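Thanks, everyone. I'll take the charged pairs, then the overall fold. Please look at the screen.

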Amino acid sequence: MSKDRDKFAVLHAARRVWAVPAIHGEAAALARLHMNLAPRLRAGDRLVYLGNFLDRGTHIRETLNDILAFRRWLLARPGTFAYDVAYLRGAQEEMWQKLLQLQFAPNPREVLGWMMTQGVGATLEAYGGNPEQGASHARDGAVAITRWSGSLRNAMQAAPGHFQLMAALRRAAYTDDNKLLFVSAGLDPERPLSEQSDSFWWGGGVAFARLDQAYGGFSQVVRGFDRAKGGIKTGPFSITIDGGCGFGGPLVAACLVPNGEIDELIEA
């Protein structure tokens, strides 16, 4: 899997792994969760954020600021390294990256309209844009769209660390003993890890909860977002830890041990 180093995060020598599911721009809940999590961290613990930091909530910038601030606090602790924390791409981050390249879409107005139905509007507004403006530029052609998307990119780059965080997102994360695999929303059981493509953020559904055998040799596949909003679920080969944050539910975090069991569950 070394050739996929830029796509996947590897959590080395993890005694436990804390997983934070979809946040959806709920900065206050994330701040509370970080406060609850900090005193529980032990030597050998690793941390993975399972995507969908953006979307829904009205405090997108504050959410990313808090993620970055907690990273700085972690790295200031003795014995903690940058690769001990992983950040995954969710559907919202994927859409935002595509929106910043909207000029390359064959039908930008339709693409933008669909993105708005999926919740990208909150992130758009957080960086100074609005859908009406985008639709207007889409009608005016590629040059106008390029200028508009460029202004959004510039706004994100002006927020310290935001653009860099988006650039550091990985498709999935796994422990170096190949026991735990972490994804945003799901995967295609019929495809190997290297060929999942967008299944990590658009996959899932009933098939995920019904995994009837270990995927790729991993003991458990852990995801952080369930479109069906079915709550926290554990199965023999899959775990969903989405508490419904952004949709009226709490933000949770699960601590997993190498055999795939949940050692601790906290919420904010």
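Start with arginine 40. Arginine 40 makes a salt bridge with glutamate 264, and the closest N and O atoms are 2.6 Å apart. By salt bridge I mean a side-chain nitrogen of Lys or Arg within 4 Å of a carboxyl oxygen of Asp or Glu. The two partners come from distant parts of the chain, 224 residues apart. Arginine 40 is in the loop between helix H1 (27–37) and strand E3 (45–49), while glutamate 264 is in strand E11. Helices (H or I, at least four residues) and strands (E, at least two) are DSSP runs, numbered from the N terminus.

A word on the source. This is a predicted model, where local features need pLDDT of at least 70, side-chain atom pairs count only at pLDDT 80 or more, and totals for chains, interfaces and linings use all residues. Residues are numbered from 1 along each chain as its sequence is written, and side-chain values use heavy atoms, with hydrogens and water left out.

Back to the pair. Are these residues buried or exposed? Arginine 40 is partly exposed, at 32% relative accessible area. Glutamate 264 is also partly exposed, at 24%. The cut-offs: buried is under 20% relative accessible area, exposed is over 50%, and partly exposed is in between, with a 1.4 Å probe and protein chains only.

Next pair. Arginine 16 and aspartate 263 meet through their side chains in a salt bridge, 3.0 Å from N to O. Arginine 16 sits in strand E2 (residues 16–20) and aspartate 263 in strand E11 (residues 262–267), so this pair ties together parts 247 residues apart in sequence. Arginine 16 is buried, with 5% relative accessible area. Aspartate 263 is partly exposed, at 40%. There is a third member here: Arg16, Asp45 and Asp263 are linked in a network of salt bridges.

One more pair. Aspartate 226 bridges to arginine 223, with the closest N and O atoms 3.4 Å apart. Aspartate 226 is buried, at 6% relative accessibility. Arginine 223 is buried as well, at 3%.

How many salt bridges are there in the whole structure? The search finds nine.

Stay with strand E11 for a moment. Glutamate 267 is found there too. Glutamate 267 is exposed, with a relative accessible area of 52%. Its C-alpha atom is 8.5 Å from that of arginine 32, although the two are 235 residues apart along the chain. Leaving out residues up to four places away in sequence, glutamate 267 touches Leu33, Asn36, Pro250, Leu251 and Val252. Contact means heavy atoms within 4.5 Å.

Now zoom out. The protein has 10 helices and 11 strands. Its radius of gyration is 18 Å, close to the 18 Å that the globule rule gives for 268 residues, so the protein is as compact as a globular protein of that length. That radius is taken over C-alpha atoms, and the rule is 2.2 Å times the number of residues to the power 0.38. The C-alpha trace spans about 55 × 40 × 40 Å along its principal axes.

Buried residues make up 50% of the 268. Of the contacts between residues at least 6 apart in sequence, 70% join residues at least 24 apart.

Last, charge. There are 29 positive and 27 negative side chains, and the centres of the two sets lie 3 Å apart. Lys and Arg count as positive, Asp and Glu as negative; His and the chain ends are not counted. Each charge is placed at NZ of Lys, CZ of Arg, CG of Asp or CD of Glu.
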